[in-house]
Amino acid sequence: MVMEVDRVDGRTPNQLRPLACSRNVLNRAHGSASWSQGDTKVVAAVYGPKAGTKKGENPEKACIEVIWKTKTGQSGKPEKEYEMILRRTLQSICLLNIHPNTTTSVILQVVNDDGALLPCAINASCAALVDAGIPLKHLAVAISCGVVESGYVILDPSKIEEQKLKALVHLVFPNSVPSVHPKESSRVGDEPKEHGLISSVTHGRMSVDDYLHSLERGHAASAKLSAFLRKNLQSQVPSNA
Amino acid sequence: MQHEKRSLTRNCTIWCRSQRHMEEKASASPASFISQAVVPGDVVLDLTNFSNHTIKLGGGLYQNCDAISVMKSGELKFSKPNKYWVESSQKRYVPCVEDHVLGIVVDSRSDNFLVDIKGPALAFLPVLAFEGGTRRNIPKFEVGTLLYVRVVKANVGMNPELLCMDASGKAAEFGPLKDGYMFESSTGLAQMLLGSPTCSILVALGKKVSFEIAVGLNGRVWVNAESPSNIILVSNAIMRSENLSGVQQQIMVDSCFREFKDL
């Protein structure tokens, strides 16, 4: 039983909006990137590592601080929540023991919000961290999946679509990795590394089946996002003339 | 006539900051990754194949149980017999022993100067770390003085330590840099300027104008010439040359000088 969903902009349920990423967009920041998915655009700037950690933080590890700036208006509770989610996500992808007792600041500026804002911000901050040379365990790619009234899952909803959804989930996956390690590429064992999930933020009500279905779809789409991010990062590697 | 005061080409230390022209072809199994662009998370070496060998890892790589993974995005390089590293260009600097850098004095204490070298922590320069330095003739550096120094200790978690003399205790061009103009760039540009044979931008500029230059591996470059307009010309040309090939750099220098003559 296939249920076709008509999306406002004519996309298929699995189709993502056009992606664009540019690095080193800000002159003074140590690393910066701008990421846009369709009309949603976020600019991330990274400063660091700088000496000293905040009070109460473990001095044996690096500390990551996130500041979220809205497009208009003052920062309130939703922004604090985004900051906390981003901070936890980025802490899990950074190698925190390379530069102990330092602080790395990530500042995000929302340029335009047309749905899937949090995944766009996570992708932008990951690209900015790579641009700044902060040591990372792996990259993070984020995608948002929405569950429509009929139970169908659509990827990368725009703002209009988000308002009509039954439930929305933002998922962050580690990027898919080519490796020389023979065991990694085969699927023996319990959990191949590529099936890891870094973060999952849900809004609304959905059944467990809907959630697992979104996980599957999101994971498939994350492979496309990984490939895009990898191509973008590699194209800007300076070549030795 | 070209008069250059250049910082010495870098030594090939154990932790791999080799010059760019040393590109060896790898015959080992991870040949698919050597000289390729890599991103964080890529597993480039499987240590189960290397049971009895010693491998030296440079910047950008770390060991994760039985695999060597990449931490920074860049190009994976290999140098025989057993050195691997990732070459990348950043705006910040990771201190390494035996690097020659340009630091700025931020503060002075009774036994150390605190020097900013664009790294994660401030570096210490002992007040006696000068040729013939004794307690009676401690140099007085104001806040903001630019120094050409050598990194002697760069341990994780500790502030790096600097010295203003070379290994034999002579001053050898280290110390404060007077006059001139300092600008900041990326570590990749500094490595290109310090590569041997001399990079084409410096050769091209040297044919047109005489200038003095000191390049720090932390991305700071100091230029001095007779007139301010020459200083600006040389600095702008170097800043623009980062992503250009040798021939493009030559063309860019020629066009800079033509624009200048037209003014």
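A: A cavity is a set of grid points where a 1.4 Å probe fits but cannot get out. With that meaning in hand, this predicted model can be read from its inner spaces outward.

Q: How many cavities of 30 Å³ or more does the structure hold?

A: Rolling a probe the size of a water molecule over the atoms shows where empty space is left. In this structure, three cavities reach 30 Å³ or more. The largest of them has a volume of about 80 Å³.

Q: Which residues line the largest cavity?

A: A lining is read residue by residue and then by class. Here the lining is formed by P49(A), A62(A), C63(A), I64(A), C94(A), L95(A), L96(A), H99(A), T102(A), T104(A), I134(A) and P135(A). Sorted by class, nine of the lining residues are nonpolar and three are polar, while none is charged.

Q: Which strands of chain A each supply at least two residues of that lining?

A: They are β4 (63–69) and β5 (102–112) of chain A. One of the lining residues, L96(A), also serves to introduce a loop residue, E60(A), whose C-alpha atom is separated from that of L96(A) by 8.5 Å. The two residues are 36 residues apart along the chain.

Q: Where does E60(A) lie, and is E60(A) buried or exposed?

A: Position in the chain and surface exposure are separate readings. E60(A) sits in the loop between β3 (40–51) and β4 of chain A. Residues count as exposed over 50% relative accessible area; E60(A) has 60% and is therefore exposed. Leaving aside residues up to four places away in sequence, E60(A) touches L96(A), N97(A) and P100(A).

Q: How many helices and strands make up chain A?

A: One counts the elements and then follows their order. Chain A has five helices and nine strands. Starting at the N terminus, the order is β-β-β-β-α-β-α-β-β-α-β-α-β-α. Of its 241 residues, 50% count as buried. Among contacts in chain A with a separation of 6 or more, 72% join residues 24 or more positions apart. The accessible surface of chain A comes to about 11500 Å², and carbon and sulfur atoms account for 51% of that area.

Q: What are the corresponding values for chain B, beginning with its helices and strands?

A: Chain B contains four helices and 16 strands. It has 263 residues, of which 51% count as buried. Residues 24 or more positions apart provide 64% of the contacts in chain B with a separation of 6 or more. The area that chain B exposes is about 12300 Å², with 53% supplied by carbon and sulfur atoms.

Q: How many residues does the contact take from chain B and from chain A?

A: An interface may be described by its residues and by the area it buries. The contact takes 38 residues from chain B and 41 residues from chain A. About 2800 Å² is buried between the two chains, and carbon and sulfur atoms give 61% of this area. On the side of chain B, the residues losing the most area to chain A are K91(B), R92(B) and P120(B), together 21% of what that side buries.

Q: How many residues of helix α1 of chain B are buried?

A: An α-helix has 3.6 residues a turn, so residues three or four places apart point the same way. In α1 (residues 187–194) of chain B, eight of the eight residues are buried, so this helix is largely enclosed by the rest of the structure. The buried residues are T187(B), G188(B), L189(B), A190(B), Q191(B), M192(B), L193(B) and L194(B). In chain B they pack against β7 (83–87), α2 (200–208), β15 (211–215), β16 (220–225), α3 (228–240) and α4 (246–262).

Q: Which residues does a cis peptide bond with omega of about 0 degrees join?

A: The omega angle describes the peptide bond, and the reading here concerns K80(B) and P81(B). P81(B) belongs to the loop between β6 (74–79) and β7 of chain B. A further cis peptide bond runs from S196(B) to P197(B), with omega near 5 degrees. P197(B) is placed in the loop between α1 and α2 of chain B.

Q: What is phi of K118(B), and is K118(B) buried or exposed?

A: Phi of K118(B) is near 65 degrees, a positive value in a residue other than glycine. K118(B) is in the loop between β9 (112–116) and β10 (123–126) of chain B. Its relative accessibility is 5%, so K118(B) counts as buried. E173(B), likewise not a glycine, has a positive phi near 75 degrees. This residue is in the loop between β12 (161–163) and β13 (175–176) of chain B, and at 43% relative accessibility E173(B) counts as partly exposed.

Terms used:
Residues are numbered from 1 along each chain as its sequence is written. Chains are lettered from A and ligands numbered from 1 in the order in which they are written. This is a predicted model: local features need pLDDT of at least 70, side-chain atom pairs count only at pLDDT 80 or more; totals for chains, interfaces and linings use all residues. Side-chain values use heavy atoms; hydrogens and water are left out. On a 1 Å grid over the protein atoms alone, a cavity is a set of points where a 1.4 Å probe fits but cannot get out, and a pocket is an open set with protein on both sides within 12 Å along at least five of seven lines; lining residues have an atom within 4 Å of a point. Grid points are joined across faces, edges and corners, and a volume is the space filled by probe spheres set on the points. Ala, Val, Leu, Ile, Met, Phe, Trp, Tyr, Cys and Pro count as nonpolar, Asp, Glu, Lys and Arg as charged, and the others, Gly among them, as polar. Buried means under 20% relative accessible area, exposed over 50%, partly exposed in between (1.4 Å probe, protein chains only). Contact means heavy atoms within 4.5 Å. Accessible areas come from the Shrake-Rupley method with a 1.4 Å probe; for residues, only the protein chains shown count as cover. Buried area is the accessible area (1.4 Å probe) that two parts lose on being put together, summed over both.
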